[in-house]
Amino acid sequence: MLSKWVPFVFLLLIFSCAEKAKEEVSSIDPVNWSNRTATISEQDSLLKGASYLSVYSEIYSETEHRTHNLTSTISMRNTNLADTIYIHKAEYFDTKGNPIRTYFDEPIYIKPMETVEIVIDEKDRSGGTGANFLFQWSIKPSSHEPYFEGVMISTSGQQGLSFTTEGRRVE
């Protein structure tokens, strides 16, 4: 009788001790930032600024106890026809203002009329309902400021939800 239970107990022990594999999210490094690293000289006399962008990992639905996860596309856009712009830092914060991650610490360049994106996976809920980005940037005095935009989307069956947010200069 005991011999019938040995395989069952053995399998139970194996599965109860197995560590759950951590869910991979591509939100952490969707772009090879090192290929975009820019060297900026103090003699370039660039104007510096900072912009804030609200984004959402999830939003409330029906009540404050039910949420929908969202995929967020964070666009960093250069609206200049001739001038390159520089983004020094892209920091991601959660609803409570706690830093989640910094995407790069060295300045990157964005060519004229180019868009560079960060994608926050739908399963990455670390930002919560009030996540945000802070971008540090610099431009030539005659250039347009960078344009930052968030596009949030979720689909389930035949239902779809999407909306956008725009960055605001804070410095």
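**Ile-87 and its surroundings**

I started at Ile-87 in this predicted model. Leaving out residues up to four places away in sequence, I listed what Ile-87 touches: Met-76, Phe-104, Glu-106, Pro-107, Ile-108, Ile-110, Phe-135, Gln-136, Trp-137, Pro-146 and Phe-148.

Next I looked up the core. The largest nonpolar core has 25 residues, and Ile-87 is one of those that touch the most other members, along with Met-76, Tyr-103, Ile-118, Phe-133 and Phe-135. I then checked which strands feed this core: S4 (71–77), S5, S7 (108–110), S8, S9 and S10 (147–156) each supply at least two residues.

**Strand S9 and its partners**

Is S9 mostly buried or exposed? I found six of the eight residues of S9 (residues 132–139) buried, so the strand is largely enclosed by the rest of the structure.

I followed S9 to its partners. S1 (residues 47–54) is joined to S9 by eight bridges, and the two run antiparallel. In that pairing I noted Ser-51 opposite Phe-135. S5 also pairs with S9 in the antiparallel sense, over seven bridges. There I found Tyr-92 opposite Phe-133.

Tyr-92 got a closer look. Tyr-92 sits in S5 (residues 85–93). I have it down as buried because its relative accessibility is 1%, against a cut-off of under 20%. I also noted Tyr-103: eleven residues separate it from Tyr-92 in sequence, and the C-alpha atoms are 7.9 Å apart.

**The four-stranded sheet**

Which strands make up the open sheet, and in what order? I read the order as S8-S4-S10-S11, four strands with antiparallel pairing. S8 and S11 are the edge strands, each with a single partner, so one side of each has no neighbour in the sheet. From one strand to the next, the twist averages 15°. As a reminder to myself, strands of a sheet pair through backbone hydrogen bonds.

I went through the pairings. S4 and S10 are antiparallel over seven bridges. Between S4 and S10 I jotted down two residue pairs: Ile-74 has Gly-150 as its bridge partner, and Ser-72 has Met-152. S10 and S11 (residues 159–166) run antiparallel too, joined by eight bridges. Val-151 has its bridge partner, Thr-164, in S11.

How many residues lie between S10 and S11 in their hairpin? I counted two, and Gly-157 in the turn has a positive phi of about 65°.

At the S8 edge I checked Ile-120. Ile-120 belongs to S8 (residues 115–120). With a relative accessibility of 0%, it counts as buried. I also paired it with Leu-70: they are 50 residues apart in sequence, yet 8.4 Å apart in space, C-alpha to C-alpha.

**Two loop residues with positive phi**

Then I turned to residues other than glycine with a positive phi. Glu-62 has a phi of about 70°. I placed Glu-62 in the loop between S2 (58–61) and S3 (63–69). Buried or exposed, I asked of Glu-62? Its relative accessibility is 71%, so I marked Glu-62 as exposed.

Met-113 is my other entry here, with a positive phi of about 65° although it is not a glycine. I found Met-113 in the loop between S7 and S8. Met-113 is exposed because its relative accessible area is 52%, where the cut-off is over 50%.

**The chain as a whole**

I left the totals for the end. The chain has one helix and twelve strands. Read along the sequence, the helix comes ahead of the strands in the pattern α-β-β-β-β-β-β-β-β-β-β-β-β. Of the 171 residues, 37% are buried. For contacts with a separation of 6 or more, I noted that 75% are between residues 24 or more positions apart. The accessible surface comes to about 11,000 Å², and 52% of that belongs to carbon and sulfur atoms.

How confident is the predictor, and where does the pLDDT drop below 50? The mean pLDDT of the chain is 86, with 82% of residues at 70 or more. I flagged residues 18–22, where the pLDDT is below 50. Beyond near neighbours in sequence, I found zero contacts for that stretch in the model.

Notes: Residues are numbered from 1 along each chain as its sequence is written. This is a predicted model: local features need pLDDT of at least 70, side-chain atom pairs count only at pLDDT 80 or more; totals for chains, interfaces and linings use all residues. Side-chain values use heavy atoms; hydrogens and water are left out. Buried means under 20% relative accessible area, exposed over 50%, partly exposed in between (1.4 Å probe, protein chains only). Two strands pair if DSSP finds at least two bridges between them. A nonpolar core is a set of buried Ala, Val, Leu, Ile, Met, Phe, Trp, Tyr and Cys residues joined through side-chain atoms within 4.5 Å. Contact means heavy atoms within 4.5 Å. pLDDT is the predictor's confidence in each residue, from 0 to 100. Accessible areas come from the Shrake-Rupley method with a 1.4 Å probe; for residues, only the protein chains shown count as cover. Axes are lines fitted to C-alpha atoms, for helices over the stretch in contact, and angles run from 0 to 180 degrees between N-to-C directions.
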